[in-house]
Amino acid sequence: MVKKALAGGTVHPLPADLRKALVSDTKALVKWASLTPLARNEWICWITSVKKAETRREHVERVRTELKEGMRRPCCWIGCIHRADKAVSPSVQGILDKRTRQHRV
C-alpha cells in the first residue's frame, strides 16, 4: 500500500523530503493516496517552485497538515506551469507576466 500511495504526479516525481513527511504520518499518507496524479503534481510543484530551503520545509509541512484538513490542492496558487499537456490559461499567463515585469524592475 505504501509504495502505491507514494506515487508522484503527472510531471514531477515525489521529492525525498515530502516522501519522508508522508511516511511519518499515516493519515497524511492515506489522503495523499486518494489524490489524483494531477493534484499530487500541483502539490509537488508548489513545494519545488520555492527558492529558499526554509520556505520549502514550510511547504512540505503544510502539505502534510493541509491534506489532513481535507485540502486536495494548494490554495491560492496559480498551478503547475510545467504541464506539457495543457496550455497556460490567460489568467495564469497574466500572473506570470506580472511577476516577470516585477523582477526586471
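Is leucine 35 buried or exposed? Select it and check: leucine 35 is buried, with a relative accessible area of 4%. Keep in mind as you click around that this is a predicted model.

**The whole chain**

Zoom out for a moment and colour by secondary structure. You should get six helices and zero strands, so to speak an α-α-α-α-α-α run when read from the N terminus. The protein chain has 105 residues, and 33% of them count as buried. Turn on the surface if you like: the accessible area is about 6,900 Å², with 55% of that belonging to carbon and sulfur atoms. As for contacts with a separation of 6 or more, 67% of them in the protein chain link residues 24 or more positions apart.

**Leucine 35 and its company**

Now go back to leucine 35, which sits in the loop between α3 and α4. Show everything around this side chain. Ignoring neighbours within four places in sequence, leucine 35 is in contact with Arg40, Trp43, Leu67 and Arg72. Then draw a distance from its C-alpha to that of alanine 7: the two residues are 28 apart along the chain, and the atoms are separated by 9.9 Å.

**Across to arginine 72**

Pick Arg72 from that contact list next. Arginine 72 is also a loop residue, placed between α5 and α6, the helix of residues 90-104. Its relative accessibility is 42%, so arginine 72 counts as partly exposed. Leaving out residues within four places in sequence, arginine 72 contacts Ser34, Leu35, Ala39 and Trp43. Trp43 is therefore worth keeping on screen, as leucine 35 has Trp43 among its contacts and is buried at 4%. Another distance to draw runs from arginine 72 to tryptophan 32: they are 40 residues apart along the chain, with C-alpha atoms separated by 8.5 Å.

**Into the core**

Hide the surface and select the largest nonpolar core, a set of 18 residues. Start with the members that touch the most others: Leu14, Leu18, Leu22, Trp32, Trp43, Val63 and Leu67. Helices α2, α3 (26-34), α4 (37-48) and α5 each put at least two residues into this core. α4 gives the largest share, with five residues. In soluble globular proteins, nonpolar side chains tend to be buried together.

Stay in the core and centre on leucine 22. Not counting residues up to four places away in sequence, leucine 22 touches Leu6, Leu14, Ala28, Leu29, Trp32 and Leu67.

Step along to valine 23, which is also in helix α2. With 47% relative accessibility, valine 23 counts as partly exposed. Its C-alpha atom and that of leucine 6 are separated by 8.4 Å, and the two residues are 17 apart along the chain.

**Where α2 meets α5**

How do helices α2 and α5 cross? Show both as cylinders: the axes of α2 (residues 16-23) and α5 come within 10 Å and cross at roughly 35°. The crossing is right-handed. For the side chains involved, select Asp17, Leu18, Ala21 and Leu22 in α2, which meet Arg56, Val60, Val63, Arg64 and Leu67 in α5. Colour that group by type and you'll find six nonpolar residues, no polar ones and three charged. Some names should be familiar by now, including Leu18, Leu22, Val63 and Leu67 from the core.

**Last stop: histidine 59**

Stay on α5, which covers residues 53-68, and select histidine 59 within that helix. Which side of the 20% cut-off for buried does this residue fall on? Its relative accessible area is 10%, so histidine 59 is buried. Bring up its surroundings, leaving aside neighbours within four places in sequence, and you'll see Trp46, Ile47 and Val50 in contact with histidine 59.

Note on methods:
Residues are numbered from 1 along each chain as its sequence is written. This is a predicted model: local features need pLDDT of at least 70, side-chain atom pairs count only at pLDDT 80 or more; totals for chains, interfaces and linings use all residues. Side-chain values use heavy atoms; hydrogens and water are left out. Helices (H or I, at least four residues) and strands (E, at least two) are DSSP runs, numbered from the N terminus. Buried means under 20% relative accessible area, exposed over 50%, partly exposed in between (1.4 Å probe, protein chains only). Contact means heavy atoms within 4.5 Å. Axes are lines fitted to C-alpha atoms, for helices over the stretch in contact, and angles run from 0 to 180 degrees between N-to-C directions. A crossing is left-handed if the near helix is turned anticlockwise from the far one by less than a right angle, and right-handed if clockwise. Ala, Val, Leu, Ile, Met, Phe, Trp, Tyr, Cys and Pro count as nonpolar, Asp, Glu, Lys and Arg as charged, and the others, Gly among them, as polar. Accessible areas come from the Shrake-Rupley method with a 1.4 Å probe; for residues, only the protein chains shown count as cover. A nonpolar core is a set of buried Ala, Val, Leu, Ile, Met, Phe, Trp, Tyr and Cys residues joined through side-chain atoms within 4.5 Å.
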